[in-house]
Amino acid sequence: MIKVEGIKNICNVGTGTMGFGTTLIFAMAGYQVRMFGRSETSINHGFKSIKEALETFYENDLIQQADIQEILGRIKGFTRLEEAAEGAHFVFEAIDENLVVKQELFAKIEKLCTSDTIFASNTSGLSPTAIAETLEHKGRFIVAHFWNPPHLVPLVEVVPGKHTTQQVVNATQKLMEKIGKKPVVLKREALGFIGNRLQLALLREALHIIETGIASKEAVDTTIKYSLGRRLSTTGPLESADLGGLDVFYNISSYLLKDLCNNEEISLILQEAVDKKNFGAKTGAGLYDWTPEALAQIKKTREKNLIEWLHKDKEVDL
């Protein structure tokens, strides 16, 4: 019987953008975490990121100074998968978004774990059924998709595959709640889950507005940040529709849906940027040009805003 009460030890595979954050969240919730990295360099990088995040939490009154060493004491780094998976009740993977790589990883890990271990992937859109294809016990696999940055964004999408048991779904949902996250459980798997389906629908229309000369990219981003972005943090799209009046949205739908972008081909703006290897902030150019100063500033602003929301969430929970 797989229950959340039986989960004590976490194996976290990955030390990068998502891996360090999920390791930190589990440790902050009191779990013993074995963090796997491919090298000592990656382990050190993971701990560096964890320590920086803890300092940020402390500076913003989210933890006490005394908590830092206690949290760090719950995390151990390993470069051998056999050692990282030892005694694990819940294995969480946050590595490359590559189906074959993930399949190979879980096939190895399954041989190292007990019959009650839950296997979870942080994939942002791959099929859980496909990832679990190489497993002997497919019912113990599930997706738990955290959002970046995982230690600051509350949402986790819990996505069962075709073979995932209800026990594993229930235990994973409760585990996410225990570590302070806001889990949503999908009724069935779908590419992109909930969040990325909505995000890509918005991005498609945003790029269409620019391509067809309706408005500039700056106008599009400003519109979202100072209207929908602020309102949607309190009321989701369906609640907003109810508050605005379904008759109003019905009338708008009657003429606007026909004019919205429904292209199945990738946007030319996006295609051209990728062809030029302008991938965004990580290459210094994308839809915008990114200087180190501009990138640091927007990340600082994002972090500040997300931390303010964490404080608000704590007030609501009280």
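1. Helices, of at least four residues, and strands, of at least two, are DSSP runs that are numbered from the N terminus. With that in mind, F193 can be placed in the loop between β8 (182-185) and α8 (195-211), in what is a predicted model. F193 has a positive phi of about 60° although it is not a glycine, and this deserves a look from a new reader because most residues other than glycine have a negative phi. F193 is also buried, because its relative accessibility is 2% and the cut-off for a buried residue is under 20%.

2. A second residue that is not a glycine, D61, likewise shows a positive phi, of about 60°. D61 belongs to the loop that runs between α2 (40-59) and α3 (65-72). Is D61 buried or exposed? With a relative accessibility of 61%, D61 counts as exposed, since the threshold for that class is over 50%.

3. The peptide bond between N148 and P149 is cis, with an omega of about -5°, and it merits a check by eye because most peptide bonds are trans. P149 sits in the loop between β6 (141-146) and β7 (155-160).

4. Strand β8 contains P183, a residue that is buried, its relative accessible area being 17%. Which residues does P183 touch, if those up to four places away in sequence are not counted? The contacts of P183 are V156, V158, Q173, M176 and E177. V274, by contrast, lies 91 residues from P183 in sequence, and the C-alpha atoms of P183 and V274 are 33 Å apart in space.

5. UniProt, in an unreviewed entry, lists residues 10-187 as "domain: 3-hydroxyacyl-CoA dehydrogenase NAD binding"; this label comes from the record, and such annotations may be inferred rather than shown by experiment. In the model, the span of residues 10-187 is 40% helix and 21% strand, and the C-alpha atoms at its two ends lie 26 Å apart.

6. On the cysteines, the structure holds zero disulfides. C11 is in no disulfide, and the nearest cysteine sulfur to it, that of C113, is 6.8 Å away, whereas a disulfide needs the two sulfur atoms within 2.5 Å. C11 counts as buried, at 0% relative accessibility, and C261 is buried with a relative accessible area of 11%.

Notes:
Residues are numbered from 1 along each chain as its sequence is written. This is a predicted model: local features need pLDDT of at least 70, side-chain atom pairs count only at pLDDT 80 or more; totals for chains, interfaces and linings use all residues. Side-chain values use heavy atoms; hydrogens and water are left out. Buried means under 20% relative accessible area, exposed over 50%, partly exposed in between (1.4 Å probe, protein chains only). Contact means heavy atoms within 4.5 Å.
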